[in-house]
Structure formats: C-alpha cells, structure tokens
Amino acid sequence: MNLDFADTLRRAGRGLMVALPLAAWTLTPSVSHGVTLETAEFVVSVSDGEGNLRSITADVVPYLPDLACFGWRLRLSDAPGLVKYREVLKLPEPPAFWSGEDDAYSPHRFSADRTTATTEEFAAPDEEGWISSTWCIAEGDPVGPHSIDVYIDDALVKHFDFEVKPAGASRD
C-alpha cells in the first residue's frame with residue numbers, strides 16, 4: 001500500500017474531490033463527543049497517468065498499481081477545529097510492502113501478520129465539515145475483500161467494505 005501517491009493526489013486533487021457530485025452511502029448518523037456524522041462516502045479514484053483523475057463512489061477498486069486509489073470522506077457537523085480519528089484498514093493477505101512500515105515516525109502501526117494498518121491522526125475539517133483519508137494501490141497489493149473502520153475519539157463512526165479486483169473484472 002502506497003501513501004506517497006495518495007498524498008500527492010490529496011494535495012493536488014483536494015478541491016476536485018470536494019467539488020465532485022458524489023452520492024453518499026447509506027448511514028445512520030453517529031455521535032461522538034458532540035460530533036455528528038452527516039455523510040460518509042467511499043471514493044475510488046483512477047489516474048490515466050497523464051494528470052487526469054476520475055473519482056466516483058464505488059465499492060470495487062481496480063487493481064491498477066500507481067494509478068488507482070481509494071479512501072473515505074466523512075462530513076461532520078458540530079466538529080471542533082481539530083478531530084482525532086483512527087482508521088483501521090484490513091486486507092485479505094499481506095501486501096508486498098506497506099508505506100511507512102520501517103519508519104519509526106510513521107502514523108501507521110501494522111499487525112504482526114501485516115494484514116492490518118492502523119492509523120491515528122488529527123484532521124482539521126474543511127469549511128463544509130469534511131475530513132478524509134486516501135490509500136493507493138501498489139504493486140504486490142492483494143486483491144479480494146478489504147475493509148476500513150473509521151473511529152472518531154475512539155467511537156466507531158463508519159465501516160466500509162470494498163473489494164480490490166483485477167482491472168477489467170466484473171462486479172459479480
């Protein structure tokens with residue numbers, strides 16, 4: 001799993017992802033320390049390698065190393081200026097490498113079997129209340145069912161199930 005490309009996409013495409021008309025996943029508003037979850041979206045982005053990016057809500061991520069990324073966006077109401085969140089990404093088997101795996105300063109912790117990455121960070125919601133996180137597909141990542149759990153102040157606010165499939169594979 002590669003975060004470097006994701007960070008680049010996030011910086012370059014932050015406005016793009018906020019401006020896209022994305023459909024929200026069905027959810028029940030959750031409350032954590034006065035923060036209400038209004039909307040949750042799972043976003044899949046694919047680059048053509050020439051700077052053009054297409055982002056949609058979906059639950060299938062194409063296995064396109066260095067071109068496909070996925071992540072979540074949460075729109076919060078009544079959020080303070082800084083929100084502590086924890087993201088737990090679970091893979092069906094270990095990837096060839098995790099970005100930050102050998103970095104003592106990485107915000108990511110990895111399970112002993114290397115199938116789970118737990119990230120703890122703070123995020124400042126934008127003017128509309130959105131916070132987000134993105135991962136990108138890297139060579140050697142596993143295909144199959146994945147999940148992400150997002151916690152705010154230690155309360156689970158959203159669970160996402162999705163599948164990474166070889167490019168061109170059908171949804172069924």
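**Notebook: loops, strands and one disulfide**

I started with Asp-78, which is exposed, with a relative accessible area of 63%. I'm working from a predicted model here. Asp-78 sits in the loop between β5 and β6. Its phi is near 60 degrees, a positive value in a residue other than glycine.

**Entry: another loop aspartate**

Next I checked Asp-154, in the loop between β10 and β11. Asp-154 isn't a glycine either, yet its phi is positive at about 70 degrees. Is Asp-154 buried or exposed? I noted a relative accessible area of 54%, and the cut-off for exposed is over 50%, so Asp-154 counts as exposed.

The strands on either side of that loop, β10 and β11, form a hairpin with two residues between them. Asp-153 is in the turn and has a positive phi of about 50 degrees. I then followed the pairing: β10 and β11 run antiparallel to each other over nine bridges. As a landmark I wrote down His-146, which stands opposite Phe-162 in β11.

**Entry: the whole chain**

I stepped back for an overview. The protein chain has one helix and 11 strands. Reading along the sequence, I get the helix and then the strands, in the pattern α-β-β-β-β-β-β-β-β-β-β-β. The chain has 172 residues, and 47% of them count as buried. Its accessible surface comes to about 8,600 Å², with 51% of that belonging to carbon and sulfur atoms. I also looked up how far apart in sequence the contacting residues are. Among contacts with a separation of 6 or more, 68% are between residues 24 or more positions apart.

**Entry: the six-stranded sheet**

In what order do the strands of the open six-stranded sheet lie? I read it as β4-β11-β10-β6-β8-β7, with mixed pairing. The edges are β4 and β7 (108-110), each of which pairs on one side only. On average, neighbouring strands in this sheet are turned by 25 degrees against each other, ignoring direction.

The β4 edge was worth a look. β4 pairs with β11 in the parallel sense, over four bridges. Pro-62 is the residue I used to find my place there, and it stands opposite Lys-165 in β11. So β11 has a parallel neighbour in β4 and an antiparallel one in β10.

**Entry: the disulfide**

How many disulfides are there? I count one. It joins Cys-69 and Cys-136, with the sulfur atoms 2.0 Å apart. Cys-69 lies in strand β5 and Cys-136 in strand β9, so the pair ties together parts that are 67 residues apart in sequence. I checked the handedness too: the torsion about the S-S bond is about 90 degrees, so this disulfide is right-handed.

Are the two cysteines buried or exposed? Cys-69 is at 1% relative accessibility, so it counts as buried. Cys-136 is buried as well, with a relative accessible area of 0%.

**Entry: the core**

I moved on to the largest nonpolar core, which has 30 residues. Those with the most contacts inside it are Val-61, Phe-70, Leu-74, Ile-131 and Ile-148. Several strands give two or more residues to this core, including β2 (35-47), β5 (68-77), β8 (116-123) and β9 (130-136). The hairpin strands β10 (144-152) and β11 (155-166) are on that list too. A reminder to myself: in soluble globular proteins, nonpolar side chains tend to be buried together.

Then I pulled up the neighbours of Ile-131, skipping residues up to four places away in sequence. Ile-131 touches Trp-72, Arg-73, Leu-74 and Leu-76, and also Val-83, Tyr-85, Ala-123, Ala-124, Pro-125 and Ile-152.

**Entry: Trp-72**

Since Trp-72 came up among the contacts of Ile-131, I went there last. Trp-72 is in strand β5. At 1% relative accessibility, Trp-72 counts as buried, because the cut-off is under 20%.

Which residues does Trp-72 touch, leaving out those up to four places away in sequence? Among them are Glu-41, Phe-42, Tyr-85, Glu-87, Ile-148, Val-150 and Phe-160. The list also includes Ile-131, Ser-132 and Ser-133. I looked up the spacing to Ser-132: the two C-alpha atoms are 5.5 Å apart, while Trp-72 and Ser-132 are 60 residues apart in sequence.

Terms used. Residues are numbered from 1 along each chain as its sequence is written. This is a predicted model: local features need pLDDT of at least 70, side-chain atom pairs count only at pLDDT 80 or more; totals for chains, interfaces and linings use all residues. Side-chain values use heavy atoms; hydrogens and water are left out. Buried means under 20% relative accessible area, exposed over 50%, partly exposed in between (1.4 Å probe, protein chains only). Contact means heavy atoms within 4.5 Å. Accessible areas come from the Shrake-Rupley method with a 1.4 Å probe; for residues, only the protein chains shown count as cover. A nonpolar core is a set of buried Ala, Val, Leu, Ile, Met, Phe, Trp, Tyr and Cys residues joined through side-chain atoms within 4.5 Å. Two strands pair if DSSP finds at least two bridges between them. Axes are lines fitted to C-alpha atoms, for helices over the stretch in contact, and angles run from 0 to 180 degrees between N-to-C directions. A disulfide is a pair of cysteine sulfur atoms within 2.5 Å.
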